[in-house]
Amino acid sequence: MPNFQNPVAFLFLLFIPLLYILRKLKIFTRISFPAVLGDWGGKNFEWNDKTLKFFSIVSKILIYVAFFIVVAAFADPVIAKQEKIYTSLGTDIVFVIDVSPSMAAKDMDGESRLDIAKKTIANLVTENDGVRLGIVALGSNASVVVPPTTDHQTVFQRISELHILMMGDGSAIGDGLSTAVCHMVSSSAPNKCIILLTDGESNAGSIHPETAAGLAKDNGISIYVVGIGSKGIVTLEYEDPNTGKIISGRYDSNFNAASLRKIAAIANGKYFETKSTEDLVSTIFNVTKKESVIQSFTYRTTNKLLYDVFLFWGILLFSIAWIIKLVFLHEKL
């Protein structure tokens, strides 16, 4: 509902009843040349055609509504919006997400591991407006998708673009972690952490995962490792982005939890195993809650001006009424 910064303008609406009264008193009337049978006891003019009668009523309604909207435009309508502005830094969180083919395994309540990971992070984006979030994708190599930022709309968009094989068919966990560390070392945030989402062992890349974990520890960055999916034979299906071919089959999921647990321990973090959507959501929620810090903030009020919108609709309705009278009723306003 808009607010009106110049409500005095609504006094112009008094012209409508004032004009009606003046005409009733025959003080202000339109120049006309009456020639109706009513003067000799006959019937006054009325529309016999129901369609024309309808258009006549509609045109009058449009004129009154248009007049009201134009008056409202001069009353300077605005929509006030309060925006929360953080005056201190919060936690920096970078998600390192495995996009290797094994993440296409559909053992997370019937959906793939990657899809569930993306949905979980997307929900986090909408619930943590003061946190700076970043995304690193890892496969045979690793690359930052979004550096830590409070522009959560961009984060949300880039998460949706993650897909299997976008970084090759390996799992360069060490490269992924070190990439995340490199984009966090210069941050002055009071708390910094990396959340690694993977379902496999490191089998590619040039940096050992434990070396990357040590680098994170040296820079005060915690690493939480989340193992996704169940062990054993699982169904796998994904589209090869290079050929468009659908790859499907059975996959023996059997990652080494000990190595993942050690990575987390080195960087003062913790290792979690999640075998369902509920497990993953709960884990991510608890980690982000643990790493959260109190931020100071203020509110800024911004006004969206609606003068031109109201004026546009007022003129449009006046124009429609004029067209109806001119084209259908053969009258003039």
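Two strands count as paired here if DSSP finds at least two bridges between them. Keep that in mind as you look at this predicted model, and start with E4 and E5, which form a hairpin with three residues between them. Strand E4 covers residues 132-138 and strand E5 covers residues 142-149; the two run antiparallel, joined by five bridges. If you'd like a spot to find by eye, look for Leu 133, which stands opposite Thr 149 in E5.

Now widen the view. The hairpin strands belong to an open sheet of six strands, in the order E5-E4-E3-E6-E7-E10, with mixed pairing. E5 sits at one edge and strand E10 (270-274) at the other, since each of these pairs on one side only. From one strand to the next, the twist averages 15°. On to the other neighbor of E4 in that order, E3. Strand E3 (residues 91-98) pairs with E4 in the parallel sense, over seven bridges. Within this pair, Val 94 has Gly 134 in E4 as its bridge partner. Helix H4 (residues 152-160) packs on the sheet, where it touches E4 and E5, and its direction makes about 155° with that of E5.

What about the inside? As a general point, nonpolar side chains in soluble globular proteins tend to be buried together. In this model, the largest nonpolar core has 37 residues, and Phe 95, Ile 97, Ile 135, Ile 195, Leu 197 and Leu 280 touch the most other members. Helix H3 (residues 113-127) gives the most to this core, with six residues. Leu 197 is a good place to zoom in: leaving out residues up to four places away in sequence, its contacts include Phe 95, Ile 97, Ala 117, Ile 121, Val 226 and Leu 280. Apart from this core lies another one, of 24 residues, with Leu 138, Met 184, Ile 223 and Leu 260 among them.

Last stop: helix H2. How far apart should the ends of its 25 residues be, at 1.5 Å a residue? The helix runs over residues 50-74, so the expected span is 36 Å, and the end C-alpha atoms are 37 Å apart, which agrees. Several of its residues are buried, including Phe 55, Leu 62, Ala 66, Ile 69 and Val 70. The buried residues of H2 also include Ser 56 and Ser 59. Just after the helix comes Asp 76, which takes a positive phi of about 60°.

Conventions:
Residues numbered from 1 in each chain as written. Predicted model: local features only at pLDDT ≥ 70, side-chain atom pairs only at ≥ 80, totals over all residues. Heavy atoms only, no water. Helix = DSSP H or I, 4+ residues; strand = E, 2+ residues; numbered from the N terminus. Expected span 1.5 Å × (residues − 1). Buried < 20%, exposed > 50% of the residue type's maximum accessible area, 1.4 Å probe, protein only. Axes fitted to C-alpha atoms, helices over the stretch in contact; angles between N-to-C directions. Contact = heavy atoms within 4.5 Å. Core = buried A, V, L, I, M, F, W, Y, C linked by side-chain atoms within 4.5 Å.
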